[in-house]
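Trainee: May we go through this model together, step by step? I should like to practise reading a structure in a careful order.

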Amino acid sequence: MAMIETIVIAGGTHGNELTGVNLVRHWRDNHYAVNHQPLTIELLQANPAAINANKRYLEKDLNRCFKLSELADPKANNQEQQLAKQINQQLGPKGDARVDFIIDLHTSTANMQTNIVLIKMDDFHLKLAAYLKQQLANVVITSESRLMDDHHFLCSIADKGIVVEVGPIPQGAIEYDAYQKTESAVKKAIEFADRYNRQQLPDLGESLEVMSYFSKVYFPTTQNDEINAAVHPDLIHQDYSQITTGTPIFKSFDGEDIYYQGENAHIAFVNEAAYYDQKIALCLCNPIRYCLTSLKPLG
Ligand SMILES: [Zn+2]
């Protein structure tokens, strides 16, 4: 079994998500990363220019720039695409990376709790997720139902990688509660890596529930493509709750309810501020239970 030796904690992949930015700063200033023998912990402030500007990104979302095809494309040279190539040289190269495990820190304006985003469903990632869920309160595991072979996330540079995304917290703000939840998740993920290396994991149960995304709901718009309704007040902060055909999902500015039409679903990223540029009002997911032995969905 390949050992996990070098772990990267990345903050500021999105420059206005200050929880990770401050965790990386705090750990750096306090030399926190040196105290994890035999593991080597490295800290990365991913997008300093976006952090200075207090923006998610300057030209392109950095966390969408790490596909192999884009990293290899000489014409992909806006600020974030250049930065992605630089980070890939520093931590990677992707496919044969110098570092073993990347924990990338994000926040959400939605009530996502401690959301662990998986981009791989192998033994390490499913057991890591089960461990975090067992050891911490209010952890929800999410993934795309169809995993990309060549993912665009920063954490895909290494063989092992997750996103830790805590919310609700506004963009550009720090709250101790979100900081503390993020730091606990990072510490537990490091602890897991050490126990995984030593093959000393506790009993993690037989299966793990993963909320699996299958669709998005866009805001209603005018003919000029301007948003003309709000997410229904009953759904605000109700992430992971269920909706069915007929659930009021938007309220127009005249006060009229607009109803959901579609298959039964759970909602997530409800009214996420970072998704307004794409006019996404919320995402739809449903739980899938993965067997921790076969690593396949059950039934
Ligand atoms: Zn983010």
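Trainee: How much space lies in the largest cavity?

Mentor: Please keep in mind that this is a predicted model. By the rule applied here, the count comes to one cavity of 30 Å³ or more. The space in the largest cavity is about 30 Å³.

Trainee: Which classes of residue line the largest cavity, and how many are there of each?

Mentor: The lining includes Ile 119, Cys 155 and Ala 158, and also Lys 120, Asp 159 and Lys 160. His 125, Ser 156 and Gly 161 belong to the lining as well. By class, this gives three nonpolar, three polar and three charged residues.

Trainee: Which strands stand at the edges of the sheet?

Mentor: The sheet is open and has 10 strands with mixed pairing, in the order S2-S1-S3-S6-S4-S5-S7-S13-S12-S9. Each edge strand has a single partner strand, so one side of it is left without a neighbour in the sheet. These strands are S2 (40-45) and S9 (242-243).

Trainee: In which sense, parallel or antiparallel, do S4 and S6 pair?

Mentor: Strands of a sheet pair through backbone hydrogen bonds. Strand S4 covers residues 113-118 and strand S6 covers residues 160-167, with six bridges between them. Gln 113 stands opposite Gly 167 in S6. The sense of the pairing is antiparallel.

Trainee: What angle does the direction of helix H4 make with that of S2?

Mentor: Helix H4 (residues 79-91) packs on the sheet and touches S1, S2 and S3. Helix H1 (residues 18-29) also lies across S1, S2 and S3, running at about 130 degrees to S2. For H4, the angle with S2 is about 170 degrees.

Methods
Residues numbered from 1 in each chain as written. Predicted model: local features only at pLDDT ≥ 70, side-chain atom pairs only at ≥ 80, totals over all residues. Heavy atoms only, no water. 1 Å grid on protein atoms, 1.4 Å probe; cavity = no way out; pocket = protein on both sides within 12 Å on 5 of 7 lines; lining within 4 Å. Points joined across faces, edges and corners; volume = space filled by probe spheres on them. Nonpolar A, V, L, I, M, F, W, Y, C, P; charged D, E, K, R; others polar. Pairing = 2+ DSSP bridges. Helix = DSSP H or I, 4+ residues; strand = E, 2+ residues; numbered from the N terminus. Contact = heavy atoms within 4.5 Å. Axes fitted to C-alpha atoms, helices over the stretch in contact; angles between N-to-C directions.
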